[in-house]
Amino acid sequence: MASPAKRPVSQLFIWAALCITVVLPIAAAATSPLLAWRDPVYILAGFAGVIAMTLILLQPLLAGGYLPGLSVPRGRRVHRWIGTSLVVAILVHVLGLWITSPPDVIDVLLFRSPTPFSVWGNIAMWAVFAAAFMAVFRKRLRVKPPIWRVGHTILAALTVGEVWCMRC
């Protein structure tokens, strides 16, 4: 067990690593030379997608109570807020892409897009929506907590798996 004096240093290291992991992709997207030829709506949609992918990283850490300094109940409350933000970021991403190119979005939603990352993103989007639906209607679904947790976790794992495939 770490001494009390070493614990704050390790906590600081964990939070610093998490901040770098979240900020680095956003910074990389912001410095992309491809942004020079894009419309503002397309840029906003792209950043919403990047932000959504970084929010996905936080979700299991918050739900499981793995972040130092956050109690499990507080982490789960933040998990709910981040989950809501994740759904909003996905909606902004899809709506922005719809504004710039409706036929491409239709192709993605109908699984006709020739790019694999579009298929994986589509599956991840619907898994996030289903997990959010389960969370919002948890009490109305009248499912026992262990069964609900397994279903929510499977949808979350599907989301993470699809996002991982998009990065490959």
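This is a short tour of the structure above, one selection at a time.

**The whole chain**

Start with everything shown as a cartoon, and keep in mind that this is a predicted model. The protein has seven helices and zero strands, so colouring by element gives you the run α-α-α-α-α-α-α from the N terminus on. Switch to the C-alpha trace and align the view to the principal axes: the C-alpha atoms fill a box of roughly 55 × 45 × 25 Å. Of the 168 residues in the protein, 26% are buried.

**Stop 1: helix α2**

Select residues 40-63, which make up helix α2. The helix holds 24 residues, and from its first C-alpha to its last it reaches 34 Å, close to the 34 Å expected at 1.5 Å a residue. Now show side chains and pick out the buried positions: A45, F47, A48, G49, V50, A52, T54, L55, I56, L58, Q59 and L62.

While you are in α2, click on L57, which lies in this helix. Is L57 buried or partly exposed? L57 counts as partly exposed, because its relative accessibility is 33%. Draw a distance from L57 to L18: the two residues are 39 apart along the chain, and their C-alpha atoms are separated by 9.2 Å.

Step just past the end of α2 and you reach G65, which takes a positive phi of about 75°.

**Stop 2: helix α3**

Next, select residues 72-100 for α3. This helix has 29 residues and spans 41 Å from first C-alpha to last, close to the 42 Å expected at 1.5 Å a residue. Its buried residues are G75, H79, I82, G83, L86, V87, A89, I90 and G96.

Zoom in on I82, found in helix α3. I82 is classed as buried because its relative accessible area is 16%, under the 20% cut-off. Try a second distance here, from I82 to G121: these residues are also 39 apart along the chain, and their C-alpha atoms are separated by 19 Å.

**Stop 3: the positive patch**

Turn on the surface and select R74, R76, R77, R80, R138, K139 and R149, which gather in a patch of positive charge. Two elements, α3 and α6 (138-141), each give two or more residues to the positive patch. Which element contributes the largest share of the positive patch? That is α3, with four residues. R149 sits in helix α7, residues 145-167. With 42% relative accessibility, R149 counts as partly exposed.

**Stop 4: the nonpolar patch**

Keep the surface on and change the selection to V41, L95, W98, I99, I106 and L110. These residues form a nonpolar patch with about 540 Å² of accessible area together. Here again α3 is worth highlighting, since it gives the most to the nonpolar patch, with three residues. Look also at I106, which lies in helix α4, residues 102-109. I106 is partly exposed, its relative accessible area being 34%.

**Stop 5: a salt bridge**

Stay in this part of the sequence and show D107 and R112 as sticks. Side chains of opposite charge can pair when their charged atoms come close. D107 forms a salt bridge with R112, and the closest N and O atoms are 2.9 Å apart. How many salt bridges does the count come to? The count comes to one. The partners differ in exposure class: D107 is partly exposed, with a relative accessible area of 22%, whereas R112 counts as exposed at 51%.

**Stop 6: two loop residues with positive phi**

Finish with the backbone. Select F111, in the loop between α4 and α5 (116-136). Its phi is near 60°, a positive value in a residue other than glycine. F111 is partly exposed, with a relative accessible area of 45%.

Then move to R142, placed in the loop between α6 and α7. R142 is not a glycine, yet its phi is positive at about 55°. Is R142 buried or exposed? R142 counts as exposed, because its relative accessibility is 76%.

Conventions: Residues are numbered from 1 along each chain as its sequence is written. This is a predicted model: local features need pLDDT of at least 70, side-chain atom pairs count only at pLDDT 80 or more; totals for chains, interfaces and linings use all residues. Side-chain values use heavy atoms; hydrogens and water are left out. Patches are made of residues with over 30% relative accessible area and no salt bridge: like charges are joined within 9 Å, nonpolar side chains (Val, Leu, Ile, Met, Phe, Trp, Tyr) within 5 Å. Accessible areas come from the Shrake-Rupley method with a 1.4 Å probe; for residues, only the protein chains shown count as cover. A salt bridge is a side-chain nitrogen of Lys or Arg within 4 Å of a carboxyl oxygen of Asp or Glu. Lys and Arg count as positive and Asp and Glu as negative; His and the chain ends are not counted. The place of a charge is taken as NZ of Lys, CZ of Arg, CG of Asp or CD of Glu. Buried means under 20% relative accessible area, exposed over 50%, partly exposed in between (1.4 Å probe, protein chains only). The expected span of a helix is 1.5 Å times one less than its number of residues.
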